Amino acid sequence: MLKNLCGFLFVVGIITFGSPGKSYAQKDKNRQDSVTVFRMLEHAEELLFKYNTYDSAINITRQAISYSLQHNYLIGQAWSIIKLNDLLVVNNELAETEKNISLIFQLGIRLRDSQAIAISFLQKAQVQLYQDKYDSAIMNFEKSLNYNLEKMQNSYTAVAYNDLGYTWGRKEVVEKLVSCCLKSLAIYEKLKDPTGCADALGNISSVYYELGQKDKAIEYGKKSLSYREQAGNINKLALACCNLSQTYLANSIDEAVKYQQLCVKYAEQTGSEDRLIHSYITSSLVANAQKKNQEAFEYELKVIGLLENSRSDLIMLSRRYIAAAFLADMLKKDSIITLSYFNKSMQLSKEINNKTNQRDLFLFMSNFYIRKNNFEEAYKNYKKHILYRDSISSIEKQQNIDELEKKYQTAKKDVEIERLNSNQRINQLEIEKQQAIINGNKLEAMQKTNEISILQQQQQLQNLRLSTQEEELQKQQLQTKNKDQELALVQKEQLLSERKLENQQQLRNGIIAGTILLLLLGGIGFSRYQLKKKLEQQTVMQEMRNHIASDLHDDIGASLSNINILNELTRRNATNPQKVKEYLTKASEDIRQVSEGISDIVWNINPRYDDLAHLFVRMKRYASDILDGKNIDYTIQFPEQAPDWKLGMDKRRDLYLLFKEAVNNLAKYSNATMAIIELWLENGRVRLSINDNGIGFEASSLKAGNGLQNMKDRAVLLKGNLSINSSPGKGTQLLLDMSM
């Protein structure tokens, strides 16, 4: 988010010192503790905004927390932690921020401070935003506004709307982004806060830039810059000028140059490495647009020098090497210089395992060799570019599904946590309501009733959103599986068509070369041959269908039946939350197993996965998921490049299921803390070794239980040798040796 120095930077996590603390200070103005704590917080604000000394501001804020703890001053403790979290969020220190959020919530409950509680929701949303958990962030931003902040119309309200707008922007919902940011802008203007106004306008400008609406981006960017100039923050001024310069590149080179010069001027005043790098990259882009390749090359060398010294952003350094190579080639420098930058980028990209940079690098190298008329090298590099491009596309497709599932699971956990917190708050409000009734305070009792109603409505809204998210996840998973199945069927139809055409060609050749008698005999022979082939194909297809039907009946069917039973039990026990939770947990596990089973079946029948590379990817992914879930440290070593060996469907299935059984047994029964999985290829053979440091077992128990006999049976089907060595307390070693 804030690390992307090439493109536009969104502004989130605005620090808002002042108003809440001062209001408390006024309430407690007779207490020395109040004066001391809030003066310290004001001093921290001054250090940050006037002198730009983040570390000093953090230290002063921690001192305020320490003082509040020593003097048992809860108000000071709550607001000092809030201000500390504001600083931590801006500096992307999320781990400590998350720990502090629950403490702020608890202090808000104890103090009956609805604003502190609302801010805890706001800061939780900001952390989720930085973690790209957009749906959860939106839920908590809205919760903070509905709970209290929207009524207060203070700086925290503006922050909530600004960051909520940014989050909608990340989900490409432009209407909501603009609406939220304009609400934020109105509050900042009312508070006469130029920094906040600039942030809100900058967010709108950035989204229009990403959507390709450059005129709108420039309009809001210039308004943001005007407020930046009022605020006088040189760091943000440098950033705003760089962004405007890049936006103007497609509209007006003169304006782009104007803001590029201001960008460099302000960046050099800050002395910040990040700002300097951003300004030099902007300068390189502007010079390149002016066809001033030598100037652009010199700016790229400045960026490379800074990044090589700090090693702060290796991905960016790898890309700057590519840019330097491109410009060196445009300047017709010695090919050795150009290739040296390409080689540096390649070495670094491999070191950090960045496939995206490698994909782009191979394309640039292909174009370089075309200009040198070395078409053989150009072709080789272009083939590598295509391989990386397709590989990244396949990985991204699966990652999108995995990410959607992770977001759903995270949101589900968040809802559970929030439900517990809400229930706790509702119970407390019920007690306070009863106390108010006893005391005859009808107004307070009515207020408590309204708060209880709001919390219950929020719970219903959370449940509705979670249900919608679950439906979306299931929809995406089904669409992906359907596409895979359609692709497999299309490939099989294409293969059958090709075979049919081949047979027809053979028939034509026989007719041309033979006599009428041979033609007659050939026709008879061909008919019988075609019939035989169809019977063979039907037999193979029938076996495949029987196999799939068996798997669906045995594994999927049983699990679906169990899910129906659990759903019925859940309905019958609706009044028993403990039972409902137990049945839903079991049903969720069965659904996961059904999904995994269908995925295995689709993968197994798809011929494009017959090669070892796809098999190895699936084996490694399964092992890492299972072992991560059991908190077992592990090392997985597979060949970096698999040979172009093909595996038949049955052989691939048996090898994968044997591997799954072994890993599953390790995770379930070994009690291991460390596992080593190795697979290597030599002389046409596959050797698989799985070792753990678990409790082991007696060799005499080998025939019973735990799927060990199952693995031996699969090893026989694979025509391989399987040995399992174990003894109590000394772990277990499994070794499979099979030929291709």
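**Notes on a predicted model**

1. At 46% relative accessibility, Asn343 counts as partly exposed, because the partly exposed class runs between the 20% and 50% cut-offs. You'll find Asn343 in helix H17, which covers residues 335-351. A partner to look at alongside Asn343 is Tyr321: the two are 22 residues apart in sequence, and their C-alpha atoms are 8.7 Å apart in space. Keep in mind that this is a predicted model.

2. Now for the overall picture. The chain has 740 residues, and 44% of them are buried. Its secondary structure comes to 25 helices and 5 strands. If you take the contacts between residues at least 6 apart in sequence, 65% of these join residues at least 24 apart. The accessible surface of the chain is about 39,200 Å², with 51% of that belonging to carbon and sulfur atoms.

3. A good pair of helices to start with is H4 and H5. H4 takes in residues 74-90 and H5 residues 94-111; their axes come within 9 Å and cross at roughly 150°. That angle makes H4 roughly antiparallel to H5, since angles over 145 degrees count that way. The crossing of H4 past H5 is left-handed.

4. Who does the touching between H4 and H5? From H4 it's Leu74, Ile75, Gln77, Ala78, Ile81, Ile82, Leu84, Asn85, Leu88 and Val89, and from H5 it's Glu96, Thr97, Asn100, Ile101, Leu103, Ile104, Leu107, Arg110 and Leu111. Sorted by type, the residues of this H4 with H5 contact are 13 nonpolar, 4 polar and 2 charged.

5. Next, have a look at H6 (residues 114-130) and H8 (residues 155-170). Their axes come within 11 Å of each other, crossing at roughly 25°. So H6 is roughly parallel to H8, because the cut-off for that label is under 35 degrees. Here too you can read off the handedness: H6 passes H8 in a left-handed crossing.

6. On the H6 side of that pair, the residues in contact are Gln115, Ile119, Leu122, Gln126 and Leu129; they meet Tyr156, Val159, Ala160, Asp163, Tyr166 and Thr167 of H8. The contact of H6 with H8 breaks down into 7 nonpolar residues, 3 polar and 1 charged.

7. Just a short hop along the chain is Gln153, in the loop between helix H7 (134-152) and H8. What's worth a glance here is the backbone: phi of Gln153 is near 55°, a positive value in a residue other than glycine. Gln153 counts as partly exposed, at 32% relative accessibility.

8. Lys332 is another one for the backbone list. Its phi is positive, about 60°, although Lys332 is not a glycine. Lys332 belongs to the loop between helix H16 (314-330) and H17. Is Lys332 buried or exposed? With a relative accessible area of 74%, Lys332 is exposed, as anything over 50% gets that label.

9. Last stop: Asp654, in helix H24, which spans residues 649-669. Asp654 has a relative accessible area of 9%, so this residue is buried; the cut-off for that is under 20%. Leaving aside residues up to four places away in sequence, which ones does Asp654 touch? They are Arg714, Leu717 and Leu718.

How values were computed
Residues numbered from 1 in each chain as written. Predicted model: local features only at pLDDT ≥ 70, side-chain atom pairs only at ≥ 80, totals over all residues. Heavy atoms only, no water. Axes fitted to C-alpha atoms, helices over the stretch in contact; angles between N-to-C directions. Helix = DSSP H or I, 4+ residues; strand = E, 2+ residues; numbered from the N terminus. Parallel < 35°, antiparallel > 145°, perpendicular 65-115°, else oblique. Left-handed = near helix turned anticlockwise from the far one by under 90°. Contact = heavy atoms within 4.5 Å. Nonpolar A, V, L, I, M, F, W, Y, C, P; charged D, E, K, R; others polar. Buried < 20%, exposed > 50% of the residue type's maximum accessible area, 1.4 Å probe, protein only. Areas by Shrake-Rupley, 256 points an atom, 1.4 Å probe, with all protein chains shown as cover.
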